[in-house]
Every structure is written in C-alpha cells, then in structure tokens.
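Biologist: I should like to go through the terms used for this structure and hear the reasoning behind each of them. Please begin with the vocabulary of accessibility.

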Amino acid sequence: MRTAGDPERPPIVLVHGWAQSRRCWERQLGDADVARDHHLIALDLRGHGESDVPPDGYDDPAVWAEDLAAVLDFAGAPAVVVGWSYGGLVVTDYVRERGCASLAGIVLVGALTEIGRGHPGGTIGAAMRAAIPGVLSADPAVAVPAVTSLTLAMTAEPADGAQVQAWIGATLRVPPAVRGALFRRDVGSAEVLAGITVPTLVAHGTDDAVVAPAAADYALGKIPGAAARWFQGGGHAPFAERADGFNRALREFAVGRKG
C-alpha cells in the first residue's frame, strides 16, 4: 500500500485492475493538487504487487469485500473509492456484500462491474478478446508477447515506453494461476448497481479496446444518478494517458464528499 497527502483530509482509495499494482496510480499520487485536499491510498490487491499470494479467494465476492473493507478501515473515514478495470468489479463486490457503508462516492474508470458470458457490464473490447487465453498462460513464450500486445493496446495514444515496460512487468509478476483465477467467475450485478446510494462517476475512454464503452453505458443505465465523464479518443487508462483531465475530474467529484 502507498499513501500520499494529509491523513486528516478526506480519503480517496485507488483500486487497480487485473494483473497490475498500486504503481499504476503514480500520476495521481504525485499530483500536488489532489494530494493537497485528500489522503490518497493505493493498494495492491491480493495476489498482486507486494501483497501476499493466497491460494484461493479470487472468485469469492465476500473475500474481495473483506480485503477492501480492511483498507477502508485504515482510511478512517468514508472514502471515495476509484476502481479501474477489474478494480470496478472489486468495488461492486464490496457493495454486493456490505452496501455503501464507508463509501463517500464511487468512481469507475474503464471498469467492469460484471464478468462472464452474457453479462453486459463485463463487455470486453477487441484487444482483450485477442489477448485471451495467451495472457493467462504459464508458458513465457506465450504469455510475454500476449501481455505486451495487450499493454500496448491499453492506451489509444502512444504510451511512454518506460510506463509500458513497468506495466508489462507488473502483469508478469502476478502468478499465472492468479491471472487465470480472476477470470473464472460468472457474476451479474444489475441489482447491486441499482442499489448504490452514493454519488458515482463513470469515467471511460471512447476508444477503450480492453473494456468496451458498452460496459460504461451499462453502469450508467443502472446506477441511480450516475454521472459520465467520457474521454474522447481515450483508451483504457485515462488516469495515465489523460492524467491532467482525469485528476481534474477526480478533484471536482471528490470535493465535499465526506460521507
């Protein structure tokens, strides 16, 4: 876990996506304007980054909810929770199990809220479809090129080479068994999304090739009062490729949300 900003300020908890780590949020943790007004907390999900790698729990909403609840307890006050990609499903699991307790608001970024065949909140794009099953393989000769292709497709605009390599490294650091387990779920969330009672912002790139914009449309249609922030021409990681605009939207959303 990494933190930035004043612990006495309202917290923002940053939840990364599938096979990534807290390091993907560097441009938020390093933003002086965001850190001035908020306590930023970026975690490594179980099996990712520097967290432990337990043998199970990756298909259990109650386990994900418990993990996120521990971070919210650390935050010490109702938090705005930002879920990117698979992190959106983790946030949805929390709401499924515990309602909106300890949440001041939700930001879904290029996010899944469902997973499995026939669930529109989990609609993936062409880059993700092309990457599976290669990115799940235990064979480096298969996994490395598949992960590289997927990572390059995360941004609609050319990404910084060092960033791309860091993200590739983060993905390959996650054990293949964990990478695969995250996909062995079949979860619908229509009633969960309809029951969200805190302000919600859905942020998505219009050219996202990993999680389709249709997944954002689905969330917007289900979550009462949800607001949209579309990044025109943006890809799957607006917090990285459109960091200034994303951080501005995050600050504007988070202002005054103290539970």
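Modeller: Buried means under 20% relative accessible area, exposed means over 50%, and partly exposed covers the range in between. The model is a predicted one.

Biologist: Why does R36 count as partly exposed?

Modeller: The relative accessibility of R36 is 47%. Exposed requires over 50% and buried requires under 20%, so R36 counts as partly exposed.

Biologist: What makes the contact of R36 with D37 a salt bridge?

Modeller: The criterion is a side-chain nitrogen of Lys or Arg within 4 Å of a carboxyl oxygen of Asp or Glu. The side chains of R36 and D37 meet at 3.4 Å, N to O, and the pair therefore qualifies under that cut-off of 4 Å. D37, at 30% relative accessibility, is partly exposed.

Biologist: How many salt bridges does the structure hold, and which residues are joined into one network?

Modeller: There are 10 salt bridges. R22, R23, D44 and E50 form one network through salt bridges that share partners.

Biologist: How do you know that E26 and R2 form a salt bridge?

Modeller: Their closest N and O atoms are 2.6 Å apart, and the limit is 4 Å. The pair links distant parts of the chain, since E26 is in helix α1 (residues 26-29) and R2 in strand β1, 24 residues apart. E26 has a relative accessible area of 35% and is partly exposed; R2, at 33%, also counts as partly exposed.

Biologist: Which parts does the salt bridge between D67 and R46 tie together?

Modeller: The side chains of D67 and R46 meet at 2.6 Å, N to O. D67 lies in helix α3 (residues 61-75), while R46 is in the loop between β3 (39-43) and α3, so the salt bridge ties together parts that are 21 residues apart in sequence.

Biologist: Why is R46 called buried and D67 partly exposed?

Modeller: The boundary is 20%. R46 has a relative accessible area of 18% and is therefore buried, whereas D67 has 23% and is therefore partly exposed.

Biologist: How does the reach of α3 stand against the expected value?

Modeller: Helix α3 has 15 residues and spans 21 Å from its first C-alpha to its last, close to the 21 Å expected at 1.5 Å a residue. At its start, a side-chain oxygen of D60 comes to within 2.9 Å of the backbone nitrogen of A62. Just after the helix, G76 takes a positive phi of about 80°.

Biologist: Which residues of α3 are buried, and what covers them?

Modeller: Among the buried residues of α3 are W64, L68 and L72. The cover of the buried residues includes β2, β3, β4, α4 (86-98) and β5.

Biologist: What makes β1 and β7 the edge strands of the sheet?

Modeller: The sheet is open, with seven strands in the order β1-β3-β2-β4-β5-β6-β7 and mixed pairing. Strands β1 (2-4) and β7 (227-231) each pair on one side only.

Biologist: How do you know that β6 and β7 pair?

Modeller: Pairing requires at least two bridges. Five bridges join β6 (residues 200-205) to β7, and the two run parallel; β6 and β7 therefore meet the requirement of at least two. V202 stands opposite A228 in β7.

Biologist: Which helix packs on the sheet?

Modeller: Helix α12 (residues 243-254) does, touching β2 (11-15), β4 (79-84), β5 (103-109), β6 and β7. Its direction makes about 155° with that of β5.

Definitions and conventions. Residues numbered from 1 in each chain as written. Predicted model: local features only at pLDDT ≥ 70, side-chain atom pairs only at ≥ 80, totals over all residues. Heavy atoms only, no water. Helix = DSSP H or I, 4+ residues; strand = E, 2+ residues; numbered from the N terminus. Contact = heavy atoms within 4.5 Å. Axes fitted to C-alpha atoms, helices over the stretch in contact; angles between N-to-C directions. Buried < 20%, exposed > 50% of the residue type's maximum accessible area, 1.4 Å probe, protein only. Expected span 1.5 Å × (residues − 1). Polar contact = N/O pair within 3.5 Å; in protein donor to acceptor, adjacent residues only side chain to side chain.
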